[in-house]
Amino acid sequence: MDVYEVFRRSGHKQPFEHCGTVTAPDSAMALLMAKECYLRREEGQYMWVTRRSDIHSWSDEALFEPAADKSYRFAHAYRDVVRKRELARRRAGQL
Amino acid sequence: MTEALVAIVTSLGDDELILGHRHAEWTGFAPHIEEDVAFSSIAQDEIGHAAAYYSIASSLTGLTRDALALGRSQGEYRHAVLCERPNSDWAYTITRQWLYDRADSLRLTALEDSAHDALRHLATKIRREERYHLIHADMWMERIAHGPIEGRTKLTRAATTALSATAGLFEPFEREADAIGEGWLTVPSEELGRRFLSEAVDALDGLGLPAEVTPDGWRAEFVASSSGDLIATAPSDPGETSTPAGLGGRSGRHSPDFSELWADMTRTYRADPEATW
Amino acid sequence: MTYEQRLTDFRHYVGTGGKVEATDWMPDDYRAGVLKFIEMHANSEMMGAIPEREQIPHAPSLQRKMSLTAKVQDEVGHSQLLYRIAEDLGKSRETMYLDLVNGRSKFHNVFHYPTRHWGDVAVIGWLIDGAALVTQAALLESSYAPYTRVLKRICAEEQLHLRHGEDITLELASGTDKQRAMFKDALDRWWLPIVHFFGPKSNVGKDLLLRWRVKTRTNEDLRAEFLDRYVPKILELGFSFPTPVPFEFEGHWVLREEDIDWAPLDAIKRNQGPETARRLELRRSTYEQHAWVRQALAEPATQVA
């Protein structure tokens with residue numbers, strides 16, 4: 001018997017999301033059981049199951065903490081657009 | 001004319017209700033928690049199917065669905081005796097589910113040609129839901145049939161008793177000749193039964209449980225499997241060999257098992273049939 | 001870092017609302033305390049299925065036959081969710097099951113009592129699920145994160161159960177004299193066990209689970225919330241209470257502590273409730289009978305030639 005992680009997707013706008021686990025002897029039975037354990041209220045029309053041992057993760061979550069300034073990856077780094085647009089318009093007016 | 005139709009939908013509804021009642025008894029006590037949840041859905045599905053058949057009967061008789069489901073006297077129920085048998089052990093339960101849902105699949109396919117619109121549409125709808133039931137049954141039968149010897153032995157014993165009782169599902173409905181005349185049914189029950197029996201025997205063979213069906217058609221003896229395992233050939237209940245197995249349900253002849261079930265199932269309703277719950 | 005240093009850091013972390021995952025470091029008594037608490041909850045959902053499933057065969061309509069089966073299915077589903085996260089804390093399902101049937105671990109008091117008729121289904125579905133919802137909603141702030149995630153789903157389903165239970169109750173309350181009498185009979189038998197469900201006054205200093213913020217509210221606080229919410233609803237249906245009878249005091253519904261007989265709860269703590277032995281034996285013998293099925297599930301799928 002293995003622990004299987006269950007994922008489900010409802011419709012096409014959102015990706016698959018993790019919803020829980022089942023204990024089952026193989027993937028076919030895991031699918032059968034997961035359908036009733038996690039989708040009996042029509043929470044999704046698509047389902048994946050995978051053995052927990054096939055899921056991998058970093059052991060050190062500190063790897064996710066940024067050190068240097070990475071603000072260039074976010075919209076707030078580009079707030080200045082109104083002022084810059086005004087400058088560019090004035091410069092165009094001088095031509 | 002409608003009497004023949006009422007007879008059919010009542011029998012079909014009763015099969016589903018009584019089997020659903022038995023399946024529901026496992027809720028909380030199945031052998032594996034996740035399976036408990038899964039099997040409970042199957043029980044609810046069967047009761048839902050019963051409700052849908054009774055809806056058709058209701059439109060023809062003027063009785064409410066609940067009055068049909070819970071208000072009749074014992075002898076008025078028309079389900080096959082197979083459905084009222086106690087759950088016994090998990091091997092019997094799974095074998096019965098497997099046999100019943102395969103039989104149901106055959107009969108639903110035939111009903112999709114019925115001249116009655118509502119019945120035809122209902123048959124299609126139910127068949128869709130039954131696909132999951134068939135997958136469930138096949139999966140469990142394979143796992144047990146190919147697993148340790150103790151399970152295989154229980155399965156063979158269960159198949160011996162259950163297969164003969166499945167004959168009751170293919171007893172002709174009351175007024176079946178009229179039903180065929182009207183086009184409510186397109187294939188006689190007995191013919192469906194013959195088809196079912198040969199398919200079931202093939203399927204059991206495929207599971208490594210080869211059966212030889214005796215001349216009367218429904219009594220199976222299981223031969224030793226190719227692996228050489230000793231397989232039980234005697235049914236667990238000796239009474240089964242001497243009486244026609246599982247017949248009589250379509251004319252309201254039931255066993256003491258049903259007396260107890262009926263008393264439990266109808267007691268609250270019958271205490272006050274006018275009340276709403 | 002020494003154990004003491006980690007312990008201090010952990011206390012501070014949890015005390016300021018930090019959440020703990022299954023793979024995080026935890027003090028030994030935190031792990032043991034959380035496991036025991038979740039195990040008892042899982043046991044309670046499993047044992048809680050028994051009284052209600054006793055009434056499934058007697059359901060008075062097709063609709064109720066299905067909805068009650070679905071409700072009990074949910075409870076079994078809850079036990080599945082909870083046993084799974086308990087397993088992730090290091091105790092196997094088999095060991096938890098054996099501890100339960102051998103009386104070594106506990107389950108909630110209300111599931112040690114018999115059911116008699118459909119009136120019990122109404123009281124259990126409305127008032128006992130109502131009580132459970134009060135305590136479970138409080139646990140949504142627990143420090144142990146896997147528990148809170150599972151509780152989110154459990155609480156959502158319990159909300160539905162509550163509506164279902166209220167629906168059944170209202171049919172009885174607005175029905176025939178016999179139906180009203182059914183509800184009253186059930187209320188008379190279940191009221192004291194429901195009061196007991198919340199437990200006696202919490203010992204805040206000694207309660208490990210409160211200290212670790214696994215639990216976040218005291219027993220008396222939760223009971224007070226339940227009384228304020230449900231006593232008026234029961235009274236407005238025209239039903240009266242057996243002992244301990246609630247009364248109004250400074251805008252709240254309260255009980256006289258002297259009216260509460262704790263002896264039945266003490267018996268249950270010794271696993272001597274009215275149905276304890278019979279139900280545990282039923283579980284134990286079913287578990288034993290199913291050994292061959294577990295064996296069939298444990299083996300990898302093989303093909304016979």
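**Exercise 1. The side of chain C that faces chain B**

Task: In this predicted model, find how many residues of chain C are in contact with chain B, and work out which helices supply them.

Solution: Start with the count. Chain C brings 42 residues into contact with 44 residues of chain B. Next, look at where those residues of chain C sit. Helices H2 (28-53), H3 (62-87), H7 (177-197), H11 (276-289) and H12 (291-298) of chain C each contribute at least two residues to the side that touches chain B. H3(C) gives the most, with 13 residues. Finally, sort this side of chain C by residue class: 19 are nonpolar, 16 polar and seven charged.

**Exercise 2. A helix pair in chain B**

Task: Take helix H1 (residues 2-24) and helix H2 (residues 33-61) of chain B, and describe how their axes cross.

Solution: Begin with the geometry. The two axes come within 8 Å and cross at roughly 160°. Now turn the angle into a direction. Angles over 145 degrees count as roughly antiparallel, and H1(B) and H2(B) are therefore roughly antiparallel to each other. The handedness comes next: the crossing of H1(B) and H2(B) is left-handed. As a last step, consider what makes up the contact between H1(B) and H2(B), where 17 residues are nonpolar, seven polar and two charged.

**Exercise 3. The sheet of chain A**

Task: Work out the strand order of the open sheet in chain A, and say which strands stand at the edges.

Solution: First follow the pairings of E1(A). Strand E1 (residues 2-9) of chain A pairs with strand E2 (residues 17-24) of chain A in the antiparallel sense over seven bridges; in this pairing, A:Val6 has A:Gly20 of E2(A) as its bridge partner. E1(A) also pairs with strand E3 (residues 46-51) of chain A, again antiparallel, over six bridges. Here A:Phe7 is bridged to A:Trp48 of E3(A), and A:Arg8 stands opposite A:Met47 in E3(A).

Now put the strands together. The open sheet of three strands has the order E2-E1-E3, with antiparallel pairing. E2 and E3 of chain A each have a single partner strand and stand at the edges, so one side of each lacks a neighbour in the sheet. From one strand to the next the twist averages 30°. To finish, add the helix: H1 (residues 27-38) of chain A packs on the sheet and touches E1, E2 and E3 of chain A, its direction making about 125° with that of E2(A).

**Exercise 4. Where chain A meets chain C**

Task: Find which element of chain A gives the most to the side that touches chain C.

Solution: Seven residues of chain A are in contact with seven residues of chain C. On the chain A side, E2(A) gives the most, with three residues. By class, this side of chain A holds three nonpolar residues, three polar and one charged.

Notes: Residues are numbered from 1 along each chain as its sequence is written. Chains are lettered from A and ligands numbered from 1 in the order in which they are written. This is a predicted model: local features need pLDDT of at least 70, side-chain atom pairs count only at pLDDT 80 or more; totals for chains, interfaces and linings use all residues. Two residues are in contact if their C-beta atoms, placed from the backbone, lie within 7 Å. Helices (H or I, at least four residues) and strands (E, at least two) are DSSP runs, numbered from the N terminus. Ala, Val, Leu, Ile, Met, Phe, Trp, Tyr, Cys and Pro count as nonpolar, Asp, Glu, Lys and Arg as charged, and the others, Gly among them, as polar. Two strands pair if DSSP finds at least two bridges between them. Axes are lines fitted to C-alpha atoms, for helices over the stretch in contact, and angles run from 0 to 180 degrees between N-to-C directions. Angles under 35 degrees count as roughly parallel, over 145 as roughly antiparallel, 65 to 115 as roughly perpendicular and the rest as oblique. A crossing is left-handed if the near helix is turned anticlockwise from the far one by less than a right angle, and right-handed if clockwise.
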